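Reader: I would like a close look at a single part of this protein, taken slowly and set in the context of the whole chain. Please walk me through one strand and what surrounds it.

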Amino acid sequence: MSAYLPPDALDRPFDPKEFNPEVLQGQYQEITNLLLASHCGIKAIKTKLEILSDEMQIQDQRNPIEYIRSRIKSFDSIVGKLQRRGFPVTVESARRELYDIAGVRVVCAFVDDIYRIANMLAAQSDVKLLLVKDYIRNPKPSGYRSYHMIVEVPVYFSNHSEQVRVEVQIRTIAMDFWATLEHQLNYKRGLDADGEIARKLRACADSIAGTDREMQVIRDMVDSLDPPQEGLDPIKMMAKVANIVGTPAIEREKEGR
């Protein structure tokens, strides 16, 4: 469960039996509640992003979000991170100290889409922005680039509500390509940060970042060639909306005329 999963992975029933309740001294129910809240926090953020995606498809005639993935930090990762940081290995400690138990990754086509989506999400009245780490303007020494946000959203249960923290990572397709391969190559190997492999990975990251910048320039040039739209065909617009919400009957009606 430590890797990012396909978009439907969290729709499968959660099975708490895969976790060992003895490790946290009998806090079995607390562990289950923590992971349930994380699961629901992810669903809340994904819903917000999907709504923004639908809106931008209609308003801009272009969807900047290529895909969304999500993950819940594995039980072993939670325990390991608490131990490495010197915190008590308890559910309460995990709730208080760890910001990335729930994670959502948003992959975009272009760099400026990243900041646009981040700003729109942070501007929502029930989203509390806790922390931003911009590894695009300030890449990690390894070459890693991505935009990280820690946000807090309300989750409503049958008899109470909780504020749930979710880490949102937003990056381009190219950044995601590099990060995925770097993780596979470097995972648990502890490569020398000054070694030849690390230098080659940084060079690839810089090359990919240059490609991202060039693609942004090309897209801006293409956009400048498009004439302003003085008016849209209302039938086509209604058909587009219908297709987005899953009811393409309007388009079929037009075709039958």
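Author: What follows is an account of strand β5, beginning with the overall fold and ending with a cavity elsewhere in the model.

The model is a predicted one, and its secondary structure comes to 8 helices and 5 strands. Read from the N terminus, the elements follow the order α-β-α-α-β-α-β-β-β-α-α-α-α. Of the 257 residues in the protein, 41% are buried. When contacts between residues at least 6 apart in sequence are considered, 67% of them join residues at least 24 apart.

Strand β5 covers residues 161-172, and several of its positions can be taken in turn, starting with glutamine 163, which belongs to this strand. Glutamine 163 has a relative accessibility of 46%, and it therefore counts as partly exposed, a class that runs from 20% to 50%. Beyond its neighbours within four places in sequence, glutamine 163 is in contact with Glu152, Val153 and Pro154. Its C-alpha atom is separated by 9.4 Å from that of lysine 128, a residue 35 places away along the chain.

The loop between β4 and β5 holds phenylalanine 157. Phenylalanine 157 is also described as partly exposed, because its relative accessible area is 23%, and the buried class requires a value under 20%. Not counting residues up to four places away in sequence, phenylalanine 157 touches Leu36, Ala37, Cys40 and Glu162. With alanine 37 the separation in sequence is 120 residues, while the distance in space, C-alpha to C-alpha, is 9.2 Å.

Further along the chain comes isoleucine 170, which, together with Val168, has the most contacts inside the largest nonpolar core, a set of 43 residues. Several elements each supply at least two residues of this core, namely α1 (28-59), β1 (65-72), α2 (75-84), α3 (91-97), β2 (102-108), α4 (111-122), β4 (147-156) and β5 itself. The largest share of the core, 10 residues, comes from α1. Setting aside neighbours within four places in sequence, isoleucine 170 is in contact with Val106, Cys108, Ile114, Ile117, Ala118, Ile136, Ser146, Tyr147 and Met149. Another core, of 8 residues, lies apart from the largest one, and Ala174, Trp178, Ala179 and Leu201 are among its members.

Among the contributors to the largest core, α2 can be described a little further: its buried residues are Phe75, Ile78, Val79, Gly80, Lys81 and Leu82, and these pack against α1 and α3. After α2 comes glycine 86, which has a positive phi near 75 degrees.

Arginine 171 is the next residue to consider in β5. Its relative accessibility is 2%, and since this is under 20%, arginine 171 counts as buried even though arginine is classed as charged. The side chain of arginine 171 is joined to that of aspartate 176 by a polar contact of 3.1 Å. Leaving aside neighbours within four places in sequence, its contacts are Arg105, Val106, Val107, Cys108, Ile114, Tyr144, Arg145, Ser146, Asp176 and Ala179. Ala179 in that list also belongs to the core of 8 residues.

Threonine 172 lies in β5 as well. Threonine 172 is buried, because its relative accessible area is 0%, under the limit of 20%. Its side chain reaches the backbone nitrogen of methionine 175 at 3.1 Å. Beyond residues up to four places away in sequence, threonine 172 touches Val107, Cys108, Ala109, Phe110, Val111, Ile114 and Asp212. Val107, Cys108 and Ile114 are thus contacts of threonine 172 and are also contacts of arginine 171.

Methionine 175, whose backbone nitrogen is reached by the side chain of threonine 172, leads on to the cavity. A search of the whole structure finds 2 cavities of 30 Å³ or more, and the second largest encloses about 50 Å³ of space. This second largest cavity is lined by Gly143, Arg145, Met175, Trp178, Ala205, Ile208 and Ala209. Two or more of the lining residues come from each of α5 (173-186) and α6 (196-225), and α6 gives the largest share, with 3 residues. By character, the lining divides into 5 nonpolar residues, 1 polar and 1 charged. Arg145, one of the lining residues, is in contact with arginine 171, and Trp178, another, is a member of the core of 8 residues.

Technical notes:
Residues are numbered from 1 along each chain as its sequence is written. This is a predicted model: local features need pLDDT of at least 70, side-chain atom pairs count only at pLDDT 80 or more; totals for chains, interfaces and linings use all residues. Side-chain values use heavy atoms; hydrogens and water are left out. On a 1 Å grid over the protein atoms alone, a cavity is a set of points where a 1.4 Å probe fits but cannot get out, and a pocket is an open set with protein on both sides within 12 Å along at least five of seven lines; lining residues have an atom within 4 Å of a point. Grid points are joined across faces, edges and corners, and a volume is the space filled by probe spheres set on the points. Helices (H or I, at least four residues) and strands (E, at least two) are DSSP runs, numbered from the N terminus. Buried means under 20% relative accessible area, exposed over 50%, partly exposed in between (1.4 Å probe, protein chains only). A polar contact is a pair of N or O atoms within 3.5 Å; within protein, one must be able to donate a hydrogen and the other to accept it, and residues adjacent in sequence count only if both atoms are side-chain atoms. Contact means heavy atoms within 4.5 Å. A nonpolar core is a set of buried Ala, Val, Leu, Ile, Met, Phe, Trp, Tyr and Cys residues joined through side-chain atoms within 4.5 Å.
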